[in-house]
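Q: I have a structure in front of me and would like to learn how to read it. Where do we begin?

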Amino acid sequence: MALYGISGRHTTEACPLNNSVNAKMVLGTENMDIEKIAQGYKINKIVGQYHSALEHTFLWIVEAEDPHLIQEFCIAGGIASFNEVKIIPMITFEQVIQTVKKVNPQ
């Protein structure tokens, strides 16, 4: 299982705070079981969903098997319809420490 960040940003005009079409789409997810939907794309866990409304950016952290399926999830779920989306392979800080120790033993 790998850890990925789903990073996105949109324009002020596309923001659900300012755009009624995108607001309707976002509000339509309120009663959805996003975790269950994500599992259909081999996203086994949504670790966190963080948004900066005034920066018009977001970062979701997921545990998933395939970044291509994360891409499909973003397209099918509408996230990619008004956001520029990046799928970023991630590791924990502890993994960074262990890698540094291997590369630069003290």
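**Strands, a helix and its buried face**

A: Begin with one bridge: Ile43 has Ala64 in strand 3 as its bridge partner. Strands (E, at least two residues) and helices (H or I, at least four) are DSSP runs, numbered from the N terminus. This is a predicted model, where local features need pLDDT of at least 70 and side-chain atom pairs count only at pLDDT 80 or more, while totals for chains, interfaces and linings use all residues. Residues are numbered from 1 along each chain as its sequence is written, and side-chain values use heavy atoms, with hydrogens and water left out.

Q: In which sense do strand 2 and strand 3 pair?
A: Two strands pair if DSSP finds at least two bridges between them. Strand 2 (residues 43-52) pairs with strand 3 in the antiparallel sense, over eight bridges. Their hairpin has four residues between the strands, and His56 there takes a positive phi near 60°.

Q: What of strand 1 and strand 3?
A: They also pair in the antiparallel sense, over eight bridges. Ile6 stands opposite Trp60 of strand 3. In a regular strand, side chains alternate between the two faces of the sheet.

Q: Is Phe73 buried or exposed?
A: Buried means under 20% relative accessible area, exposed means over 50%, and partly exposed lies in between (1.4 Å probe, protein chains only). Phe73 has 6%, so Phe73 is buried. Its place is in helix 3 (residues 67-76).

Q: Which residues is Phe73 in contact with, leaving aside neighbours within four places in sequence?
A: Contact means heavy atoms within 4.5 Å. Phe73 is in contact with Ile34, Ile37, Ala38, Tyr41, Ile43, Trp60 and Ile79, neighbours within four places in sequence left aside. Take Ile43: the two residues are 30 apart along the chain, yet their C-alpha atoms are separated by 8.8 Å.

Q: How many aromatic pairs are there?
A: Rings of Phe, Tyr and Trp (its six-membered ring) pair if their centres lie within 6.5 Å; planes under 30 degrees apart count as stacked, over 60 as edge-to-face and the rest as tilted. The structure holds three such pairs. In one of them, Trp60 and Phe73, the ring centres are 6.5 Å apart and the planes stand at 50°, so the pair is tilted. This pair links distant parts of the chain, with Trp60 in strand 3 (residues 57-64) and Phe73 in helix 3, 13 residues apart. Trp60 has 9% relative accessibility, so Trp60 counts as buried. One aromatic cluster is formed by Tyr41, Phe58, Trp60 and Phe73.

Q: Which residues of helix 3 are buried?
A: Leu69, Ile70, Phe73 and Cys74. Seen down the helix axis, they fall within an arc of 150° (taken from the directions from the axis to the C-beta atoms), so they line one face of helix 3. The face turned away from this buried side carries the exposed residues His68, Ile75 and Ala76. The buried residues pack against strand 1, helix 2 (34-39), strand 2, strand 3, helix 4 (79-82) and strand 4.

Q: What follows helix 3?
A: Gly78 does, with a positive phi near 90°.

Q: How many salt bridges are counted?
A: A salt bridge is a side-chain nitrogen of Lys or Arg within 4 Å of a carboxyl oxygen of Asp or Glu. The count comes to one. Glu84 forms a salt bridge with Arg9, their closest N and O atoms 3.4 Å apart. The pair links distant parts of the chain: Glu84 lies in strand 4 (residues 84-90) and Arg9 in strand 1 (residues 2-9), 75 residues apart. Glu84 is partly exposed at 39%, and Arg9 is partly exposed at 47%.
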